[in-house]
Amino acid sequence: VTAGDVAARAGVPVERAEAALRALAADTAGALKVSNDGDLVYELPDGFRSTLAARSLKLRIEPALDKAAGVSMYITRVSFGTALIASLVIVYLAIIAILRGSNSDDRERSYGGGGFYSPGFFYFSPFDLFWFYDPYYYQRPPRPADEMNFLEAVFSFVFGDGDPNDALEDTRYRLLGEAAAANGGVLVAEQIAPFADSEEIHAADPTDESYVLPALIRFNGEAEVTDDGTIVYKFPDLQVTAGGRSELAEGATPGAFLEEGEYGVSRATRGQIMLAAGLGVANFVGVAVLSVMLADPATLARAAGSGVVKLAAASLPFLQVYAVAYFAIPALRFALAMRRNAAIKRRNEARMDAARRMAYPDAALQAKLAAAAMMGRRRTVSDSDVVYGSDGSGRAAAMEDGTDDWESKFNERYK
């Protein structure tokens, strides 16, 4: 495999692919080979993954670390939902305790069973919390397998579900790598445009091709001018393969373009969103009522012996902040998402237009593509091309044939 193979497949910089292959070959007793044209090829032994896993402590503990990170994130999401339940319980128990202090005759009718009930409200038992921690929660029919539980839905309603384009750069350069490999390592700007990040591709100045620079940096490309003045972009490292890109090149899809995902309100179901919003309203109203009650010294005096009232009074600032933030955060997030989505839509439309132009090229673009195709090349390094190998292969052939100029070609390319 070559550095170009890895860079095109994974969408990583060629330098990074080269460094990774060097480390991988060293850790797995792989072989480093050089062709008679000075191309560097890495040969990894069979079962190199198991060898690497056995020797690398990092790879052995990495799954555990990833699992711990996932558990930590889950705890964070669940904790925010739990805070809503805790706030509701504290607020409404405190309100009921204050009302009991003012109407001692209604004590028996105010409580019943294991929870509390008030006309117009709902019945809630502390034992209901155990349902949110049910280890078989996701197995309850007819619940979809990818549906989040209520506590996670609360977190999603307030904070959203993260960046929908977290892996956008890797996808961008993977698609670019596939396009370059499928076209002999030579592209024109119009072939790069469907994966670029400009919102106004070719709109202001059709000759402005500055959006190709990130791709040139990523894949160690270079610009060349043909005899007829056509500018093409050549990626020499992607023109050499050890035979590992045949499926990649064949699978390149004409008219493909990079599409960004838009920010949504929440991935929770509509019912979960309505429930989360409804409980948030109930919590907000309860905090407002409790704040008015606790502002009256006479009310505090009548309920001075109630532990839940003391707890509510001590935590009232937190309860107020939580009740306001519960709706303020999603409101601000929604406004920001609308702005971001407008920009995402413009970029997607620009890339779609660029892909459409590639699907139906005019005469001028056809001429540019023909010029790039003439410069494209793809060289496969086979065993017969190897004149030196760190495992001892190729030495005899090199000595017999006198092909000792491989070293100068190698130094010219990699030193």
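**View A. Glu-178 and Arg-174 share a salt bridge within one helix.** Glu-178 is buried, with a relative accessible area of 17%, whereas its partner Arg-174 is partly exposed at 32%. Here, buried means under 20% relative accessible area, exposed means over 50%, and partly exposed is in between, using a 1.4 Å probe and protein chains only. The two side chains meet with N and O 3.3 Å apart; a salt bridge needs a side-chain nitrogen of Lys or Arg within 4 Å of a carboxyl oxygen of Asp or Glu. Because Glu-178 and Arg-174 are four residues apart in helix H8, about one helical turn separates them. An α-helix has 3.6 residues a turn, so residues three or four places apart point the same way. Helices (H or I, at least four residues) and strands (E, at least two) are DSSP runs, numbered from the N terminus.

A note for all views: this is a predicted model, where local features need pLDDT of at least 70 and side-chain atom pairs count only at pLDDT 80 or more, while totals for chains, interfaces and linings use all residues. Residues are numbered from 1 along each chain as its sequence is written, and side-chain values use heavy atoms, leaving out hydrogens and water.

**View B. Arg-172 and Asp-197 form another salt bridge.** The closest N and O atoms of this pair are 3.4 Å apart. Arg-172 sits in helix H8 (residues 168-182) and Asp-197 in the loop between helix H9 (189-192) and H10, so the pair ties together parts that are 25 residues apart in sequence. Is each partner buried or partly exposed? Arg-172 is buried, at 5% relative accessible area, and Asp-197 is partly exposed, at 44%. Both belong to a network of salt bridges that also links Glu-169, Glu-260, Arg-347 and Arg-351. A search of the whole structure finds twelve salt bridges.

**View C. Arg-357 meets Glu-190 in a salt bridge.** Their side chains come together with N and O 3.7 Å apart. Arg-357 belongs to helix H15 and Glu-190 to helix H9, so the pair ties together parts that are 167 residues apart in sequence. Arg-357 is partly exposed at 32% relative accessibility, while Glu-190 is buried at 7%.

**View D. Step inside the largest nonpolar core, with its 34 residues.** A nonpolar core is a set of buried Ala, Val, Leu, Ile, Met, Phe, Trp, Tyr and Cys residues joined through side-chain atoms within 4.5 Å. Leu-84, Leu-290 and Tyr-326 touch the most other members. At least two core residues come from each of helices H4 (57-102), H7 (150-159), H12 (270-294), H14 (307-314) and H15 (316-359). Which helix gives the largest share of this core? That is H4, with 13 residues. Leaving aside residues up to four places away in sequence, Leu-290 touches Val-91, Ala-94, Ile-95, Ile-98, Ala-312 and Leu-316; such a contact means heavy atoms within 4.5 Å. Apart from the largest core lies another, of 31 residues, among them Ala-25, Leu-168, Ala-196 and Leu-238.

**View E. Helix H12 carries buried residues and most of a surface patch.** H12 has 25 residues and reaches 36 Å from its first C-alpha to its last, close to the 36 Å expected; the expected span is 1.5 Å times one less than the number of residues. Its buried residues include Gln-272, Leu-279, Asn-283 and Leu-290. On the surface, Val-281, Phe-284, Val-285, Val-289 and Val-324 form a nonpolar patch with about 390 Å² of accessible area together. Accessible areas come from the Shrake-Rupley method with a 1.4 Å probe, and for residues only the protein chains shown count as cover. Patches are made of residues with over 30% relative accessible area and no salt bridge; like charges are joined within 9 Å, and nonpolar side chains (Val, Leu, Ile, Met, Phe, Trp, Tyr) within 5 Å. H12 supplies the largest share of the patch, four residues. One H12 residue, Val-289, is partly exposed at 36% relative accessibility.

**View F. Asn-220 has a positive phi.** Its phi is about 55° although Asn-220 is not a glycine. Most residues other than glycine have a negative phi, and most peptide bonds are trans. Asn-220 lies in the loop between helix H10 (213-218) and strand E6 (222-225) and is partly exposed at 39% relative accessibility.
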